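I opened my notebook for this one with a few simple lookups in mind. Have a look alongside me.

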Amino acid sequence: MTIPEEIIERAHRGKATKEDAIALLDVNPFELYTLADNLRKEAVGDTVTYVTNRNIYITNMCKGHCGFCGFREEKGYILTIEEILEQVGQAEKAGAVEICIQGGYLPQLDLEFYNEIVKSIHTNYPNMTIHGFSPMEIHYASSLSKTPIEDAFSELKKSGLGTLTGTSAEILVDRVRKIICEDKITTDQWIETIKASHRVGLRTNATIMYGHVETWEERFDHILTIRDIQEETGAFTELITMPFMPYNNSVGEEMLRSGKFMTTGMEDLKMIAIARVLLNKHVDNLQACWVKLGKKLAHVALSCGANDLGGTLMEDQITLASGGANGEYLSPEELEWIIKSAGRKPMLRNALYEEI
Ligand SMILES: C[S@@+](CC[C@H](N)C(=O)[O-])C[C@H]1O[C@@H](n2cnc3c(N)ncnc32)[C@H](O)[C@@H]1O
Ligand SMILES: Nc1c(NC[C@H](O)[C@H](O)[C@H](O)CO)[nH]c(=O)[nH]c1=O
Ligand SMILES: N[C@@H](Cc1ccc(O)cc1)C(=O)O
Ligand code: SF4
């Protein structure tokens, strides 16, 4: 089937609907990729961005029990401030302009600790952009100390946090969350938390982790929720579509047992292309996550709606723990090679998509 004219027209106006997205699942996929590529060109031109960054995992322990997580350990570590600073120092030496701080949530990790981390990095490395923490972690830490969530975000911003991550979103549909992450914040709580962050001027990215127990319709509901929030706050910097890695975690093992495997390349490309259609005129930046897609598919994704290649990362414990096989580091030279080979212009950016 070819794409009906009215869908193309609505997409260009930023008004594509859930029904349009459903219809796009049945069109010739190459037509869909071309539509997404045209919308990308209209929205952001031929520049493809990337960031030199390093992931830092402050702890691998967590009070949560998400069934998709292979990263959490019962007996693990919590980094000290000194150890964190050492890793930031290594990152800076290696040319990173951003660090991405991740971890689990724990009673020991209170707002004071999060602020201390940010402050000490900010003081010692004033040029380093600090991206990190999740709505889940800050929601938990602020409820521990009965601090209103907006105050928690204001304080973190004042301490030097540049942007909050839009993780713990998974699929923003409670039916799915009950199956894969029952003890996580609910869809409404995630929305309220992210809006609180946006309200105090702490911008975030958005993520979707797909390819487990959710339906295509639920994926579209998630993307449209992101679009609704963006209409209200305008504070999302990007969306990262992350395929679920099904190894060494219970959700994945159950899936594999029932004969269902990882998403396919065509499906990953459709996901990016339909996200571009639904988010046109709302969220301009779509990241092709090379660590999950692999560098060859990430390269192809640049012609199917994506305009960002993500980071050098240097480390990726989360993907690795659940079966990632694409390495943990790509050099800026190789990221630029991939971008130029797609006929596009590379640009080093920070978390706010400003040129560096
Ligand atoms: C491991 S958590 C760390 C942040 C925090 N503990 C949280 O969950 O909000 C970061 C994100 O990694 C992603 N992730 C975890 N396990 C994954 C897997 N097996 N495949 C793909 N993404 C995964 C999820 O989207 C999750 O929200
Ligand atoms: N840290 C991971 C990223 N993030 C890339 C940047 O941190 C981000 O694009 C931006 O600079 C902030 O919005 N992407 C992944 O797919 N996986 C990571 O672990
Ligand atoms: N690192 C996590 C999620 C993540 C995504 C985007 C970020 O900006 C930060 C963290 C993953 O790979 O699944
Ligand atoms: S995904 Fe995050 S909240 Fe869930 S168990 Fe893993 S670290 Fe904890």
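Below are my entries on two of the ligands, the core and two backbone oddities, with the reminder that this is a predicted model.

**Entry 1: ligand 1**

I began with the surroundings of ligand 1. Which residues come nearest to ligand 1? I found 19 residues around the ligand, and Gly103, Ser134, Glu170, Lys184 and Met245 come nearest.

Next I went through polar contacts. Glu170 places a polar side-chain atom 2.6 Å from an oxygen atom of ligand 1. With Met245 the backbone is the partner: one of its polar backbone atoms is 2.9 Å from a nitrogen atom of the ligand. I also noted Ser322, with a polar side-chain atom 3.1 Å from a nitrogen atom of ligand 1.

Then I checked coverage. On its own, ligand 1 has 550 Å² of accessible area, and the protein covers 95% of that. Helix H6 (135-144) and strand S7 (236-243) are the elements that give two or more residues to the shell. I sorted the shell by class and got eight nonpolar, seven polar and four charged residues.

**Entry 2: ligand 3**

I gave ligand 3 the same treatment. Its surroundings include Cys100, Thr165, Asn205, Met242 and Asp316. His131 is also one of the residues around this ligand.

Which side chain has an N or O atom 2.8 Å from a nitrogen atom of ligand 3? That one is Gln102. His131 has a side-chain N or O atom 2.6 Å from an oxygen atom of the ligand. For Lys292, I read 2.6 Å between a polar side-chain atom and an oxygen atom of ligand 3.

Ligand 3 taken alone exposes 340 Å², of which the protein buries 86%. Strand S3 (98-102), S7 and helix H15 (317-321) are the elements giving two or more residues to this shell. By class, I noted four nonpolar, six polar and two charged residues around ligand 3.

**Entry 3: the core**

I moved on to the nonpolar packing. In soluble globular proteins, nonpolar side chains tend to be buried together. Here the largest nonpolar core has 110 residues, and Ile99, Ile121, Phe133, Ile138, Trp190 and Leu309 touch the most other members. Helix H12 (residues 265-279) gives the largest share of this core, with nine residues.

I picked Ile99 for a closer look. Leaving out neighbours within four places in sequence, its contacts include Ile56, Val88, Ile121, Met128 and Ile130. His131, which I met at ligand 3, is also in contact with Ile99.

**Entry 4: two positive phi values**

Most residues other than glycine have a negative phi, so I looked for exceptions. Ser168 is one, with a positive phi of about 60° although it is not a glycine. I located Ser168 in the loop between strand S5 (163-164) and helix H8 (174-180).

Is Ser168 buried or exposed? Its relative accessibility is 3%, and because buried means under 20%, Ser168 counts as buried. A polar atom of the Ser168 side chain lies 3.3 Å from the backbone nitrogen of Met136. Beyond four places in sequence, Ser168 touches Ser134, Pro135, Met136, Arg177, Lys184 and Trp190. Among these, I recognised Ser134 and Lys184 from ligand 1 and Trp190 from the core.

Tyr353 also has a positive phi, near 65°, without being a glycine. I found Tyr353 in the segment after strand S10 (345-348). Its relative accessibility is 14%, so Tyr353 counts as buried.

Technical notes
Residues numbered from 1 in each chain as written. Chains lettered and ligands numbered in written order. Predicted model: local features only at pLDDT ≥ 70, side-chain atom pairs only at ≥ 80, totals over all residues. Heavy atoms only, no water. Near = heavy atom within 4 Å. Polar contact = N/O pair within 3.5 Å; in protein donor to acceptor, adjacent residues only side chain to side chain. Areas by Shrake-Rupley, 256 points an atom, 1.4 Å probe, with all protein chains shown as cover. Helix = DSSP H or I, 4+ residues; strand = E, 2+ residues; numbered from the N terminus. Nonpolar A, V, L, I, M, F, W, Y, C, P; charged D, E, K, R; others polar. Core = buried A, V, L, I, M, F, W, Y, C linked by side-chain atoms within 4.5 Å. Buried < 20%, exposed > 50% of the residue type's maximum accessible area, 1.4 Å probe, protein only. Contact = heavy atoms within 4.5 Å.
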